Amino acid sequence: MAEPTCPKCNAAGIEHFASKRSIQQSRGGDPWYFVIYCNECGHVYEILAKHVFIQGQTHRFSLAPSR
């Protein structure tokens, strides 16, 4: 079975993957993102967004033609 391997230090195995929550949090206490990294050398694999800002719905309206 293939094991994930760190491209920087060649540490092999899923046990070398670690994650850390961002210090910044949403109002509800959720982290904004997680950093996925190698716990041997610190190589960052990915940054995953947890808290996403969503643009509100726009209100559609029409104006009566001017006379």
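1. Take a disulfide to be a pair of cysteine sulfur atoms within 2.5 Å. By that cut-off this predicted model comes out with 0 disulfides. Cys9 is in none, and the nearest cysteine sulfur, that of Cys41, sits 3.7 Å away. Cys41 is likewise in no disulfide, with the sulfur of Cys6 as its nearest at 3.7 Å. Since a pair has to lie within 2.5 Å to count, a nearest sulfur at 3.7 Å leaves Cys9 unpaired, and that value leaves Cys41 unpaired too. As for cover, Cys9 is partly exposed at 33% relative accessibility, and Cys41 falls in that class with 29%.

2. Now the overall layout. There are 3 strands and 0 helices in the chain, so reading from the N terminus you simply get β-β-β. The chain has 67 residues, and 15% of them are buried. Its accessible surface is about 6100 Å², with carbon and sulfur atoms contributing 53% of that. If you like contact statistics: among contacts with a separation of 6 or more, 21% are between residues 24 or more positions apart.

3. On to the sheet. The 3 strands make an open sheet in the order 1-2-3, with antiparallel pairing. Strand 1 and strand 3 are the edge strands, each pairing on one side only. From one strand to the next the twist averages 20 degrees. As a reminder, strands of a sheet pair through backbone hydrogen bonds, either parallel or antiparallel.

4. What holds the register, strand by strand? Strand 1 pairs with strand 2 over 5 bridges in the antiparallel sense. Arg21 has Phe34 of strand 2 as its bridge partner. On the other side, strand 2 (residues 33-38) is joined to strand 3 by 5 bridges, again antiparallel. Here Phe34 stands opposite Leu48 in strand 3, while Ile36 has Glu46 as its bridge partner in that strand. Phe34 is thus worth a click in the viewer: it faces Arg21 in one pairing and Leu48 in the other.

5. The connection between strand 2 and strand 3 is a hairpin, with 5 residues between the two strands. In the turn, Gly42 has a positive phi of about 90 degrees.

6. Which rings form the aromatic pair? The count comes to 1 such pair. The partners are Phe17 and Tyr45: their ring centres are 4.3 Å apart and their planes are at 5 degrees, so the pair is stacked. The cut-off behind that call is that planes under 30 degrees apart count as stacked. Phe17 lies in strand 1 (residues 17-21) and Tyr45 in strand 3 (residues 44-49), so the pair ties together parts that are 28 residues apart in sequence. Strand 1 and strand 3 are the two edge strands, so this contact brings in both edges of the sheet.

7. Is that stacked pair buried or exposed? Neither, by the usual classes: buried means under 20% relative accessible area and exposed over 50%. Phe17, at 29% relative accessibility, counts as partly exposed. Tyr45 is partly exposed as well, with a relative accessible area of 24%.

Methods
Residues numbered from 1 in each chain as written. Predicted model: local features only at pLDDT ≥ 70, side-chain atom pairs only at ≥ 80, totals over all residues. Heavy atoms only, no water. Helix = DSSP H or I, 4+ residues; strand = E, 2+ residues; numbered from the N terminus. Buried < 20%, exposed > 50% of the residue type's maximum accessible area, 1.4 Å probe, protein only. Contact = heavy atoms within 4.5 Å. Areas by Shrake-Rupley, 256 points an atom, 1.4 Å probe, with all protein chains shown as cover. Phe/Tyr/Trp six-rings, centres within 6.5 Å; stacked < 30°, edge-to-face > 60°. Pairing = 2+ DSSP bridges. Axes fitted to C-alpha atoms, helices over the stretch in contact; angles between N-to-C directions.
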